[in-house]
Amino acid sequence: MNKKKIFKFYKVVLKIVEDTKDLYNLNKLKKKILGKKGYLSFMLSKLKFLHSLKKKTFGKELYTAFNRIKMCINLKEKYIRKKNCEQENNIKFFDISLPGRKIRKGAIHPITNTIHEIENFFYNIGFKIVSGNEIEDEYYNFTALNIPKTHPSRNIQDTFWIDKKTLLRTQTSNIQIHVMKKRKLPIKIISLGKVYRNDNDIKHTPMFHQIEGLIVNKSVNFSNLKWIIHNFLKNFFNHNISIRFRSSYFPFTSPSAEVDIKEKNGDWLEILGCGMVHPNVLKNMKINYNEYIGCAFGIGIERITMLRYGILDVRNFFENNLSFLNQFK
Ligand code: DAH
């Protein structure tokens with residue numbers, strides 16, 4: 001053993017410490033050098049064979065070298081621990097033992113469901129399904145439907161006007177005019193969509209849905225209309241309802257009727273209007289009203305859905321309340 005050898009050993013060890021990248025290998029190294037059976041103990045054991053003077057100098061050299069090595073190993077340990085911590089913070093902790101998250105399935109909105117069902121029913125009995133505009137010219141929403149500017153029934157429907165001529169349609173009856181204008185006779189259509197009225201209470205929302213039906217041909221009569229409506233409602237409510245036809249008034253039909261359905265509490269709820277297309281409407285569309293005759297109906301989709309499920313407040317449909325909507329899954 002001499003000074004040079006100790007220094008060389010010290011340098012080699014420092015290089016190994018420097019190259020060690022993880023705690024596992026650093027601990028192994030620590031044990032090898034500073035442990036009970038490590039180099040330090042081994043070299044110290046050799047001291048006893050030396051002359052007492054040499055013993056003193058080499059002993060000192062040895063301790064200094066090993067203390068320095070110890071210090072370097074400790075510093076390196078701190079450095080590796082700090083680095084590991086930083087890395088852990090960067091990687092988001094992912095616990096693979098956790099149970100998976102349940103995939104929440106959505107469901108079709110009850111109104112959409114009703115719309116699909118109605119479409120199916122009418123499609124199966126030969127109706128064509130057409131779509132229409134929600135932003136409408138007042139001509140289609142009123143004038144052509146035999147509701148001239150001065151007609152009081154313009155006030156019945158609280159209209160959202162966009163400008164003097166344009167409005168949000170108050171009824172799907174506007175579609176009748178668009179279809180008749182094309183004059184591809186005979187006509188047998190339904191149209192379903194949103195309509196708007198400035199109304200908001202437990203039975204009304206500013207936006208709601210209607211279905212409009214129109215037949216124009218050479219031989220249609222009121223009993224055909226009654227048959228269609230009767231069968232539709234019996235089918236929709238599974239034969240589980242009382243229906244009543246009540247004579248009524250609409251500017252675009254004559255004669256006109258409204259249909260009510262008995263609610264669970266015994267009250268009658270109006271759900272649709274219908275009638276024979278008014279000759280003035282056919283005339284407006286340049287359809288020969290001596291040859292052709294029409295019948296039409298308009299059904300409130302929310303109303304029949306409410307009756308079917310026993311819903312008392314129509315506003316429930318549009319509040320996006322999950323505990324309400326989950327019932328229809
Ligand atoms: N458009 C009417 C309303 O919104 C409903 C209606 C009544 C439609 C009679 C029709 C009809 O097609 O013939 O109150």
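**Ligand surroundings and the setting of Glu-258**

In the predicted model, an oxygen atom of the ligand lies 2.7 Å from an N or O atom in the side chain of Arg-197. A second side chain, that of Gln-171, places an N or O atom 2.7 Å from a nitrogen atom of the ligand. For Glu-212, the distance between an N or O atom of the side chain and an oxygen atom of the ligand is 2.5 Å. The ligand taken alone exposes 350 Å², and 92% of that area is buried by the protein.

The ligand is surrounded by 15 residues, of which Gln-171, Ser-173, Arg-197, Gln-210 and Glu-212 come nearest. By residue class, this shell consists of 8 polar, 5 nonpolar and 2 charged residues. At least two residues of the shell are supplied by each of strand E5 (207-217), strand E8 (268-277) and strand E9 (293-300).

Glu-258 was examined as a single position in the chain. This residue belongs to strand E7, which covers residues 253-262. The relative accessible area of Glu-258 is 12%; because this value is under 20%, Glu-258 counts as buried. The side chain of Glu-258 forms a polar contact of 3.2 Å with the side chain of Ser-248. When neighbours within four places in sequence are left aside, the residues in contact with Glu-258 are Arg-244, Phe-245, Arg-246, Ser-248, Phe-250, Glu-270, Leu-272 and Gly-273. Ser-248 thus appears both in this list of contacts and as the partner in the polar contact with Glu-258.

Methods
Residues are numbered from 1 along each chain as its sequence is written. This is a predicted model: local features need pLDDT of at least 70, side-chain atom pairs count only at pLDDT 80 or more; totals for chains, interfaces and linings use all residues. Side-chain values use heavy atoms; hydrogens and water are left out. Helices (H or I, at least four residues) and strands (E, at least two) are DSSP runs, numbered from the N terminus. Buried means under 20% relative accessible area, exposed over 50%, partly exposed in between (1.4 Å probe, protein chains only). A polar contact is a pair of N or O atoms within 3.5 Å; within protein, one must be able to donate a hydrogen and the other to accept it, and residues adjacent in sequence count only if both atoms are side-chain atoms. Contact means heavy atoms within 4.5 Å. A residue is near a molecule or strand if one of its heavy atoms lies within 4 Å of it. Accessible areas come from the Shrake-Rupley method with a 1.4 Å probe; for residues, only the protein chains shown count as cover. Ala, Val, Leu, Ile, Met, Phe, Trp, Tyr, Cys and Pro count as nonpolar, Asp, Glu, Lys and Arg as charged, and the others, Gly among them, as polar.
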